[in-house]
Amino acid sequence: LARIGALAEKGEAESLRALAAEFYRAHPKSDAVADVRLFAADVEEVPDEAIRQYRVLLDKYRYFKKRDYAALRICETLYLCARWEELAAESAKSEAAFLKSMYLSRYTLYRAKALVHLGRYDEARAVCRRATETNRTYSELADALLLLAYVERKSTGYSRAYLYSLRELITGFPDAPAAPAALYLL
């Protein structure tokens, strides 16, 4: 298991797959099978195969402690593949399933981003507002505010509300990764 973890950190997918197969044969009933599956999914290079592997963790390992992480990785992969309908559905499902997860705010942000890309601005506005009310992480709150400003611009054009929200983002979160984007938009 330690060797598999080391290979995962190095990103050596082929070696990890071979060692994981050996692990599955030698220890089919081990509690660490789910961890090995997670390592294998993390180094998978084909997005659909990675999603399939993460989904196995969600569906077949109900008591695995890192299921919320697997759900997050599915959302990240769908976002990178620009599969907006699937991302909206998956992030909503993850929000409902993992209410106490440390990744809850990230599921919400992925859902808002998917809704923006789908042109469903009213829903995106509601999700962003909920994210700003419940999120206390500095950079994620700034991301939600930037997304909310973008929704305002798409809905109302270059209105005062849009400009005000950008100004608030820049003055309230000057060190956030979203601040340069807000400054550019302003």
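A charge sits over a ring if NZ of Lys or CZ of Arg is within 6 Å of the ring centre and within 35 degrees of the ring normal.

**View 1. Arg-37 lies over the face of Tyr-24 in this predicted model.** The distance of Arg-37 from the centre of the Tyr-24 ring is 5.4 Å. A second view of this kind involves a lysine, because the charged end of Lys-113 sits over the ring of Tyr-110 at 5.5 Å from its centre, and this lies within the 6 Å allowed.

**View 2. Tyr-110 also belongs to an aromatic cluster, together with Tyr-79 and Trp-84.** These residues form one cluster, and the ring of Tyr-110 in it is the ring that has the charged end of Lys-113 over it.

**View 3. Tyr-138 and Phe-173 form a tilted aromatic pair.** The structure holds six aromatic pairs, and in the one shown here the ring centres are 5.2 Å apart while the planes meet at 50°, so the pair is classed as tilted. The pair links distant parts of the chain, since Tyr-138 is in helix H9 (residues 138–156), whereas Phe-173 is in the loop between helix H10 (160–172) and helix H11 (179–185), and the two residues are 35 apart. Tyr-138 is partly exposed, with a relative accessible area of 36%, whereas Phe-173, at 13% relative accessibility, counts as buried because buried means under 20%.

**View 4. Tyr-158 and Tyr-162 form an edge-to-face aromatic pair.** The centres of these two rings are 5.7 Å apart and there are 70° between their planes, which counts as edge-to-face because the angle is over 60 degrees. The partners have opposite surroundings: Tyr-158 counts as exposed at 61% relative accessibility, while Tyr-162 counts as buried at 1%.

**View 5. Cys-75 and Cys-128 are shown as cysteines that are in no disulfide.** A search of the whole structure finds zero disulfides. For Cys-75, the nearest cysteine sulfur is that of Cys-81, which is 12 Å away, and a disulfide would need the two sulfur atoms to be within 2.5 Å, so Cys-75 and Cys-81 do not form one. For Cys-128, the nearest cysteine sulfur is that of Cys-75, at 15 Å. Both residues shown are buried, Cys-75 with 0% relative accessibility and Cys-128 with a relative accessible area of 1%.

Methods. Residues numbered from 1 in each chain as written. Predicted model: local features only at pLDDT ≥ 70, side-chain atom pairs only at ≥ 80, totals over all residues. Heavy atoms only, no water. Buried < 20%, exposed > 50% of the residue type's maximum accessible area, 1.4 Å probe, protein only. Phe/Tyr/Trp six-rings, centres within 6.5 Å; stacked < 30°, edge-to-face > 60°. Helix = DSSP H or I, 4+ residues; strand = E, 2+ residues; numbered from the N terminus.
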